[in-house]
Amino acid sequence: MRDRQQWEQGPNGLSLLPWLLMGLGALSHLLGGEAPNPWIGGLGLLTFNTLYIAVVFRACHPLSRETPTTWGLLGALGALTFTLAIGYGREWLLLFPLLGLAVGAVVRHGRLLPWISPPLVVAVGVVTFWRDGWDSIGIVYGTFMSVMVTAAILALDETVRQLRATREELATAAVEKERLRFSRDLHDLLGHTLSVIVVKSEAVRRLAPRDLDAALAQVADIESVGRQALTEVREAVTGYREGSLATELDRARDALSSAGIEPVVRRSGPLLEPRTEALLGWVVRESATNAVRHSGASRCVIALDGTADRVRLTVTDDGRGQSAEATAGSGLRGLRERLAAAGGTLDSGPAPRGGFRVTAELPVEAPGPHEGEPTT
């Protein structure tokens with residue numbers, strides 16, 4: 001786990017510190033008494049190491065990499081490197097590849113690298129040839145490779161980490177979407193089914209003392225509804241539930257009739273795709289459930305019509321109207337989101353002549369899978 005966390009955070013400045021061993025040649029030149037003004041050279045070497053460490057550590061931190069402070073430290077490191085190389089030459093020229101590492105760590109993106117790397121390499125070549133001739137051509141090449149390889153490796157590492165973070169975000173979003181789909185399905189399925197069971201159980205209680213056969217028929221209906229609900233919950237869990245509008249209309253008739261509400265169903269218009277039928281089936285189910293539970297209505301009209309391009313479903317009852325809107329909001333909000341994802345709309349509120357009305361419109365041919373519904 002610790003190794004994974006370190007990988008996700010990316011490389012730090014410690015990975016670039018071992019390259020400071022390239023400065024041992026300059027230190028040896030000082031300790032051997034071959035360098036003029038050794039105290040100045042020693043102070044310069046100490047300052048170089050300090051600046052190098054500061055730059056590489058700041059370059060490996062995303063928040064401080066491109067700040068003015070980091071650029072100022074890098075500029076000071078470059079000026080000091082050229083000063084020491086010009087003043088001492090020889091082994092001190094090996095500080096140039098270290099400067100290249102620092103530059104590559106800070107300037108690792110394509111938009112700045114072409115503007116900084118070539119001038120730096122040319123300047124290093126001029127100083128190197130002036131101080132040590134063609135024998136130090138390897139230092140120029142090493143400086144160029146230090147800049148380019150460091151920039152490429154660190155940029156690639158950063159890109160890989162960003163892609164991995166994006167993949168994890170997409171996976172999290174997919175899980176949240178599936179969780180939302182399941183919660184909506186469960187709400188719609190169990191809300192309707194439990195309402196039907198409650199209504200039929202009340203009918204059994206009323207009929208049992210005077211008509212045992214009718215009461216037993218209602219009990220059989222309760223068993224059938226329970227079995228169907230169990231099947232639908234299993235389908236919702238596996239993600240392969242696809243509703244049927246005709247089936248939902250039949251269930252709505254039965255639920256409304258059991259609750260003492262007269263159902264009126266009018267259907268016309270073009271043939272619908274399965275996705276569109278499934279969405280409208282959810283609207284019928286939710287609207288009928290709300291009418292049974294909240295409306296106190298005596299009549300409920302379900303009308304389906306449309307044109308060649310769009311289909312409209314209207315569910316209107318003659319119940320309490322505003323109170324139904326206040327108590328039945330969560331399921332309708334979920335349906336509104338589903339229809340919007342499929343290019344449709346859903347409006348709900350008091351009907352002009354009293355009661356409550358739900359109006360859903362959808363394109364006859366849905367543009368794609370709607371949100372919250374699985375693709376089979």
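Visitor: How many salt bridges does the count come to?
Guide: This is a predicted model. A salt bridge needs a side-chain nitrogen of Lys or Arg within 4 Å of a carboxyl oxygen of Asp or Glu. By this rule the count comes to ten.

Visitor: How far apart are the end C-alpha atoms of helix α9?
Guide: Helix α9 covers residues 245-258, which is 14 residues. At 1.5 Å a residue, the helix should span 20 Å. The model agrees, with its end C-alpha atoms apart by 20 Å.

Visitor: Is E248 buried or exposed?
Guide: E248 lies in helix α9 and forms a salt bridge with R251. Buried means under 20% relative accessible area. E248 has 3% relative accessibility, so E248 counts as buried.

Visitor: Which residue meets R253 in a salt bridge?
Guide: The partner sits three residues from R253 in helix α9, so about one helical turn separates the two. Residues three or four places apart in an α-helix point the same way, because there are 3.6 residues a turn. The closest N to O distance is 2.8 Å, and the partner is D250.

Visitor: Which strand holds E361, the partner of R310?
Guide: The side chains of R310 and E361 meet in a salt bridge at 3.6 Å, N to O. This pair links distant parts of the chain, 51 residues apart. R310 is in strand β3, and E361 is in strand β5.

Visitor: What is the mean pLDDT of the protein chain?
Guide: Over residues 1-8, pLDDT stays under 50. Where pLDDT is low, the predicted coordinates should not be read in detail. Across the chain, 84% of residues reach 70 or more, and the mean is 79.

Key: Residues numbered from 1 in each chain as written. Predicted model: local features only at pLDDT ≥ 70, side-chain atom pairs only at ≥ 80, totals over all residues. Heavy atoms only, no water. Helix = DSSP H or I, 4+ residues; strand = E, 2+ residues; numbered from the N terminus. Expected span 1.5 Å × (residues − 1). pLDDT = per-residue confidence, 0-100. Contact = heavy atoms within 4.5 Å. Buried < 20%, exposed > 50% of the residue type's maximum accessible area, 1.4 Å probe, protein only.
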